[in-house]
Each structure stands twice: as C-alpha cells, then as structure tokens.
Amino acid sequence: MNAAVRAVVRVGIYTGAKVYFVHEGYQGLVDGGDNIKEATWESVSMMLQLGGTVIGSARCQDFRTRQGRLKAAQNLVKRRITNLCVIGGDGSLTGADTFRAEWSSLLAELLKAGGITAEEAKLSSYLNIVGMVGSIDNDFCGTDMTIGTDSALHRIMEIVDAITTTAQSHQRTFVLEVMGRHCGYLALITALACGADWVFIPESPPEDNWEDHLCRRLTETRVGGSRLNIIIVAEGAIDKQGRAITSDDIKALVVKRLGYDTRVTILGHVQRGGTPSAFDRILGSRMGVEAVMALLEGTPDTPACVVSLSGNQAVRLPLMECVQVTKDVTTAMNEGRFEDALKLRGRSFQNNWNVYKLLAHIRPPSTKSGYTLAVLNVGAPAAGMNAAVRSTVRIGLIHGHRMLAVHDGFEGLAHGQVEDISWEKVGSWIGLGGSKLGTKRTLPKKHFEEISNNISKFGIHGLVIIGGFEVSWQQAELEGDATLPTSMPSLTFPPPPQAFTGSLELMEGRTKFEELCIPLCIIPATVSNNVPGSDFSIGADTALNTITTTCDRIKQSAAGTKRRVFIIETMGGFCGYLATMAGLAGGADAAYIFEEHFSIRDLQANVEHLTEKMKTTVKRGLVLRNERCNENYSTDFIYSLYLEEGKGIFDCRKNVLGHMQQGGTPTPFDRNFATKMGAKAVAWITGKIKECSRHGRIFANTPDSACLLGMRKRSLVFQPITELKEQTDFEHRIPREQWWLKLRPILKILAKYHIELDTSERAHLEHLSGKSMALEASL
C-alpha cells in the first residue's frame with residue numbers, strides 16, 4: 001500500500017495538484033482535523049520497503065451512516081478536495097461509490113444547514129473517485145493481482161519451505177491453514193508453488209468421498225518414497241453441503257486412518273506483515289500513477305473506476321461492475337453453484353486450478369502413448385528452472401509419454417548424457433534454485449552429428465528446451481572463457497549459449513539431418529528477461545527480489561550516518577530490465593541501461609539533481625547501473641564521479657551484486673509461472689507430435705514445429721522462433737521492442753525529475769463482459 005501512496009503523492013505533486021493524506025481511513029475522513037494533512041515530496045521518502053500502511057487504516061461505522069458521510073463531505077469541501085483515491089477491499093470501494101453517488105445531495109444538505117458556503121459548494125460541485133484494490137486474498141474480480149497478494153505469498157512460501165525441512169526429517173504430515181475466508185487464491189497458488197498433496201478451497205469443495213481419496217493420495221506419496229505430506233487449507237474451506245472443513249478435522253482424519261505423525265500450522269496474520277515484494281512495490285507504483293491520471297481525466301459523467309494490471313497492461317474497470325461480480329462469487333458459493341463460482345473468478349484462476357488438479361490428482365496412465373520427450377536446460381541457471389522441469393516431466397508422464405532428462409544442455413545431448421526420469425525423481429524439485437539437470441555453454445551446431453545419433457538412439461520425438469538468451473559476462477568469466485578480459489568486458493566476445501540461438505541452429509540443421517526434424521518448444525528462463533517473444537522469463541522475478549532486498553539492506557546499513565549515495569551494479573547483459581524494475585521497486589534516483597543512451601552531460605545532470613535533493617531532508621541516494629550499459633562509463637567511473645561531485649554533501653559506496661542474483665530459492669511467481677509453462681509446453685508438443693506423425697515416424701520441418709512459449713501482454717502464446725528473428729537484436733541479445741521501457745518515465749518522475757509523461761497508451765475504461773480476465777490462454 002505504501003508504494004501506491006508514494007506514487008499518488010509524487011505524481012499528484014508532479015501534475016501540480018495539492019495532495020492530502022487522510023489518516024486512519026474513513027474514520028479520519030469523518031473526524032477531520034489533523035487526520036487530513038497536506039503531503040509533501042519528502043513525506044513519502046524511505047517508505048517503499050515498509051509493510052502495512054504509514055497513513056493508517058481503520059474500520060469505520062460512522063461512515064456507514066449519512067451523518068458520518070455529511071461530516072466527511074464537509075471536511076473535503078473545506079479543503080477543496082474534489083478527487084479521492086481509495087486503497088482497500090470491496091467494502092471500502094463500495095463505500096466510496098456510495099459517497100460519490102450522494103455527493104450532490106450531501107452538498108445541498110450542508111449548504112442548507114450552513115455547513116458550507118455557496119462558493120465552496122460551487123468549487124466542489126462533483127467528486128471523482130478512483131480505487132486501488134488492497135487485499136492479500138486477491139478476491140476482487142476483474143483484476144489479476146491485488147496489492148499485497150504477492151507479498152503474502154512470499155510470507156507463506158518462506159514458512160512452507162521451512163516446515164518442509166522439518167517434515168522431511170521426521171516423516172511428518174503438515175496441515176497448513178492460510179487466509180482466504182471467501183477466496184482460495186492464496187491456498188491454490190501455495191499448493192501449486194510447493195507441490196502440495198492436497199488443497200482445500202471454498203470455490204471448489206472436494207467430492208463426497210474426499211476422505212478416502214485424500215488418504216489414498218497420501219499413502220501413494222509415501223509409498224513413492226516421499227518422507228512428508230503437505231496439505232494446504234484455506235480458512236473458508238467447505239464441503240459440498242457447505243459444512244466447514246477445518247485443519248483439526250483433517251489432522252484427526254489422517255491420524256485415525258493412517259496413523260501418520262501430523263501437525264497443524266495456522267499462519268494467521270503473519271501473512272499480512274513483512275516487507276513488500278518487488279512485484280507489489282511495482283504494482284502499487286504503477287497503479288498509483290494510473291490512479292492520478294484517471295482522477296485528472298475524470299468528469300462528472302465518468303463512472304468510478306478501479307485501476308489494476310492485467311498481464312503487464314494497466315487497465316481501468318468500472319468499480320461497481322467489479323464489486324458486483326465479486327459479490328456474485330460469494331452468492332454462487334452460498335447457493336452451491338461452485339462451477340459458476342470458479343468461472344466468475346476468471347480464467348486465470350480456473351487455469352491454476354486445472355493445472356493443480358493435473359499435477360496432484362491424476363496419475364500416469366497404464367497405457368503409454370508411444371512417444372518420448374526429452375527436457376534439457378540451456379544457458380545460465382535461473383531460479384524456477386527445476387520447477388519447469390518438474391512440471392514438464394509430470395505432465396508428460398500423465399500424457400503417457402516416456403520422459404528423458406538430458407544433463408548439461410546440448411553438450412550432454414551430444415555425449416549421450418540422457419536418462420529416464422520418473423514421477424518421484426522430480427518430486428522435491430519445485431522449490432530448488434539453480435539447475436538440477438545442469439547447463440553447459442555449448443551450442444549445438446558443431447555437434448549436429450552426435451546429437452542426431454542420440455536423438456535416433458534414444459527415440460526422442462520432441463524436445464522441451466528451458467533456457468534464455470543471455471549469459472552475463474560475469475558468468476562467462478567465472479566459467480573460464482579465455483576470450484574475456486577480467487576488467488570491463490569487450491563488446492565483441494563470442495555469443496554464449498542460449499536456448500533461443502541453439503534452437504535456431506537446430507532448425508538450420510534440419511536440412512542435413514532428418515533426425516532433427518522433431519517438434520521443439522522453448523520455455524524462456526533467464527534472470528535477464530531478454531528473450532524475444534516473451535514479456536517475462538522464469539527466474540527474473542527471483543533475481544529482481546534479490547536485488548530489491550539487497551538494496552533495502554544496503555540503504556539500511558547507512559542508517560544513523562551522514563548522507564550517502566550507493567552505486568549498485570546489476571546483471572542483465574545488455575538488457576536493462578533488472579536495473580529498471582529494481583529502480584522502481586527500490587526507489588532509485590537513476591538507473592543506467594544500454595537501451596537508453598546517456599552521455600557525460602546526462603551523468604552530470606543526474607549528479608546535480610541528486611546533490612540538490614541531498615540538501616533537503618533526503619539522506620539516502622540509490623543509483624543502479626546495468627552491467628553492460630556503457631563500455632566506458634563503468635561502475636568505477638560513475639562511483640568516482642558521484643564521489644567527487646558530492647564532496648561536502650554526501651559520500652559514496654559501490655556494490656557489484658554479481659552471482660547472488662542467479663541463486664536462491666525461486667519466488668512464488670517463478671514457481672507458479674514455471675509450472676504452468678511446463679504444463680502448457682507439453683500439451684502443445686503432444687499435439688504437434690501427433691500432427692507431424694506419418695506411418696509411425698515423426699517428421700516436423702515447418703516453421704511452426706519449433707516455437708517459443710511466451711507471455712505477451714495478457715496471454716501465453718506459441719510463436720515460431722524463425723518469425724522472432726525479425727524482432728531480435730542478435731548483437732546485443734535483446735528484443736528490438738521491450739514493454740518495460742515505457743515504465744522508465746515513471747521511475748524518473750518518482751525521483752523528482754521534471755520530464756514529460758507519455759500518456760498516449762494510457763488505460764481506457766474496459767467492461768468485465770468484454771475483458772479477458774485471463775493471464776494466459778486455456779490449457
């Protein structure tokens with residue numbers, strides 16, 4: 001919520017508006033006085049990393065009464081406040097809409113009673129309302145993610161990962177209860193992200209004989225070699241008759257039927273607290289900017305709206321349409337229409353549920369398909385790769401395929417490092433960082449003959465390649481590439497291995513080697529997020545959170561000292577995604593990237609700008625630099641420049657974050673994203689194999705038989721890799737167009753630069769009936 005508050009304040013001031021804090025929610029609006037204070041630029045400094053809300057929130061019975069709303073209206077009119085930005089759940093937003101609908105009559109009543117003057121009433125003739133949804137349950141229909149949901153998932157997964165270790169040690173069953181009285185989103189995504197044996201959600205109660213099914217499922221898992229069972233329960237879980245299913249009920253069942261040592265953990269309000277995730281900070285910042293734009297463009301005829309993100313696109317939706325659909329979900333559940341409730345939650349929720357059921361409740365069939373799929377990792381490791389392999393293997397086995405694991409990328413495929421991989425083998429991989437299959441920096445072109453022989457030898461009918469389009473120059477140096485200098489890298493060293501380039505080479509090899517004429521699918525996985533054809537890559541969210549958390553700690557290290565500026569170098573090769581998004585999430589003063597050329601004059605202007613800020617109450621400065629943003633303006637150079645120019649005002653420190661950005665356990669987003677990508681890739685490649693099958697042989701040599709699965713705006717789409725060549729800058733290994741570059745002006749405005757904000761692609765009001773609420777297409 002604080003990121004949204006900060007963005008509203010700063011963008012409001014940037015546009016020339018007066019911005020006020022209303023402390024303690026609607027209660028502060030009713031009570032007035034010191035609860036409504038004018039906000040300044042500095043008053044929202046150093047709050048991005050804080051959980052909760054610094055302006056307070058409170059439930060307010062007074063605002064439910066007309067008398068209370070009269071007081072609130074009077075307090076706003078006296079301060080000439082005509083635009084209200086409300087961050088809350090459906091109750092708060094419904095109250096705001098009621099307030100707006102009554103505005104004219106409230107003013108008339110106040111005027112009649114002498115509470116306001118005719119002049120004041122004229123200046124405040126109408127009230128604009130914009131809502132941002134703050135709810136960890138993600139229970140507001142029409143939006144993909146509400147503010148706070150991703151952070152809550154981070155808290156939950158930290159606890160689940162910790163519990164998993166003790167459960168394995170003692171061979172225990174754990175029942176974990178998460179929040180979600182009327183919405184099972186947290187429980188569902190947690191179950192997907194930790195590979196839970198069972199999940200109970202209110203939108204889809206279990207079948208009548210669920211007790212038998214659950215016990216059979218837990219027994220199968222143990223017989224398969226697992227030392228633990230994890231069961232996730234939403235606090236609002238019910239059965240088909242509407243009776244509550246509690247954590248204690250489930251524990252009693254497991255102990256009585258199976259005799260397993262079982263523990264219950266109720267997470268409670270720990271889910272609401274803690275530092276916000278990088279995603280939530282960026283979400284709050286983007287929504288705050290969009291909210292100000294919506295308010296300033298509002299007219300008396302504009303319906304009250306909520307702003308949110310759909311995919312990576314900002315959207316505006318009619319507030320009361322969203323509230324009504326949200327209420328319809330609860331009504332459907334109360335009436336036992338659970339299929340309708342699932343549909344009303346949106347296609348994204350349904351897809352998550354369908355993927356979970358596939359992975360947790362369906363077992364490999366006894367009859368086999370006769371097809372063999374191989375999965376391999378290529379390029380630098382990225383958190384979430386193992387989750388993608390796990391999903392690919394298990395969904396492949398569910399389709400009846402024989403699944404093969406290829407170790408050490410294309411080199412392993414050439415040397416025959418191929419083995420069968422089972423359901424149980426990948427069981428615990430979902431939360432592991434790095435690459436269990438291993439990766440090597442070898443492209444396939446010089447090994448075509450060996451690769452073709454092994455494809456034939458192992459009878460491989462399709463390839464799922466998980467990897468990216470970049471190896472950091474630091475990674476290449478670590479692996480001992482003699483062509484790289486040890487100082488600032490040359491701009492001309494040979495390209496490192498990538499899933500994208502390697503797949504293009506395999507396509508070229510089809511003309512000489514018939515064995516290469518098999519379907520292949522690339523799943524983008526790289527911390528750099530620079531794969532053409534996809535707005536997001538597996539691993540980028542984990543790296544972004546690592547950078548953001550590290551920046552928080554680095555800034556905190558200077559607490560109590562004099563004014564200090566930190567120069568921090570991030571990974572990404574030539575792609576500035578990590579530097580830009582970490583800049584947004586960490587409140588950076590500048591982020592230098594290759595895609596946005598800068599000169600010594602720009603550096604000088606940045607130093608002068610930061611120097612002026614440091615003369616006020618601001619005590620910390622953060623400057624990010626992408627590792628290959630400029631050959632000559634190195635991290636050392638920028639550090640020396642700031643150090644020299646800031647003498648007497650601030651001192652400087654520099655940090656090169658290095659390989660910590662590639663490590664760590666994957667975030668909930670990366671686990672979930674990787675799981676769905678793996679499932680969708682196998683579904684596609686299975687269809688493509690059948691399509692290319694002739695007389696028992698597979699022959700795939702059309703462009704659409706080698707595709708990259710990527711997220712584009714609001715959908716997961718398959719794109720032939722030959723078509724993506726036109727969209728690619730191969731010299732610098734980045735897409736020619738990158739969606740996140742449009743966020744750079746927001747970063748600068750929030751850092752107090754006076755620049756033009758391009759609103760040519762601003763969000764327009766959409767209606768739920770005409771809006772695809774899916775983050776991806778149906779499986």
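**Note on the predicted structure: sheets and helices**

1. W198 of strand 6 has I231 as its opposite residue in strand 7. Strand 6 (residues 198-200) and strand 7 run parallel and are joined by three bridges; two strands are said to pair if DSSP finds at least two bridges between them. Helices (H or I, at least four residues) and strands (E, at least two) are DSSP runs, numbered from the N terminus.

2. The model is predicted: local features need pLDDT of at least 70, side-chain atom pairs count only at pLDDT 80 or more, and totals for chains, interfaces and linings use all residues. Residues are numbered from 1 along each chain as its sequence is written, and side-chain values use heavy atoms, with hydrogens and water left out.

3. Strand 7 (residues 229-234) also runs parallel to strand 5 (residues 173-178), to which six bridges join it. In this pairing F174 stands opposite I230. Six of the six residues of strand 7 are buried, so the strand is largely enclosed by the rest of the structure. Buried means under 20% relative accessible area, exposed means over 50%, and partly exposed lies in between (1.4 Å probe, protein chains only). N229, I231 and V233 point one way from strand 7, whereas I230, I232 and A234 point the other way, and all are buried.

4. Strands 3, 4, 9 and 10 form an open sheet of four strands in the order 3-4-9-10, with mixed pairing. Strand 3 (83-88) and strand 10 (313-318) are at the edges with a single partner strand each, so one side of each is left without a neighbour in the sheet. On average, neighbouring strands of this sheet are turned by 30 degrees against each other, direction ignored. Axes are lines fitted to C-alpha atoms, for helices over the stretch in contact, and angles run from 0 to 180 degrees between N-to-C directions.

5. Within this sheet, strand 3 pairs with strand 4 in the parallel sense over six bridges, and N83 stands opposite N128 in strand 4. The side chains of strand 3 alternate: L84, V86 and G88 point to one face and are buried, while N83, C85 and I87 point to the other and are not.

6. Strand 4 (residues 128-133) is also paired with strand 9 (residues 305-310), in the parallel sense and over three bridges. The bridge partner of V130 in strand 9 is C305. Helix 12 (residues 319-334) packs on the sheet and touches strand 4, strand 9 and strand 10; its direction makes about 80 degrees with that of strand 10.

7. A further open sheet has four strands in the order 17-18-16-19, and its pairing is parallel. Strand 17 (590-592) and strand 19 (651-656) occupy the edges, each with a single partner strand, so one side of each is left without a neighbour in the sheet. Neighbouring strands here are turned by 15 degrees against each other on average, direction ignored.

8. Strand 16 (residues 564-570) runs parallel to strand 19, and six bridges join the two; V565 stands opposite C652 in strand 19. Helix 20 lies across strand 16, strand 18 (620-626) and strand 19, at about 155 degrees to strand 16. Helix 21 (residues 577-586) packs on the sheet as well, touching strand 16, strand 17 and strand 18, and its direction makes about 165 degrees with that of strand 18.

9. In helix 20 (residues 540-556), 14 of the 17 residues are buried, so the helix is largely enclosed by the rest of the structure. Helix 19 (residues 499-509) is mostly covered, with 10 of its 11 residues buried; among them are F500, L504 and M507.

10. The axes of helix 15 (residues 385-398) and helix 24 (residues 668-691) come within 7 Å and cross at roughly 35 degrees. The contact (heavy atoms within 4.5 Å) is made by residues including A387, S391 and I395 of helix 15 and R671, A674 and G678 of helix 24. The residues of this contact divide into six nonpolar, five polar and one charged. Ala, Val, Leu, Ile, Met, Phe, Trp, Tyr, Cys and Pro count as nonpolar, Asp, Glu, Lys and Arg as charged, and the others, Gly among them, as polar.

11. S452 lies in helix 17 (residues 448-457) and is buried, with a relative accessible area of 1%. Leaving aside its neighbours within four places in sequence, S452 is in contact with F513, E515 and L516.
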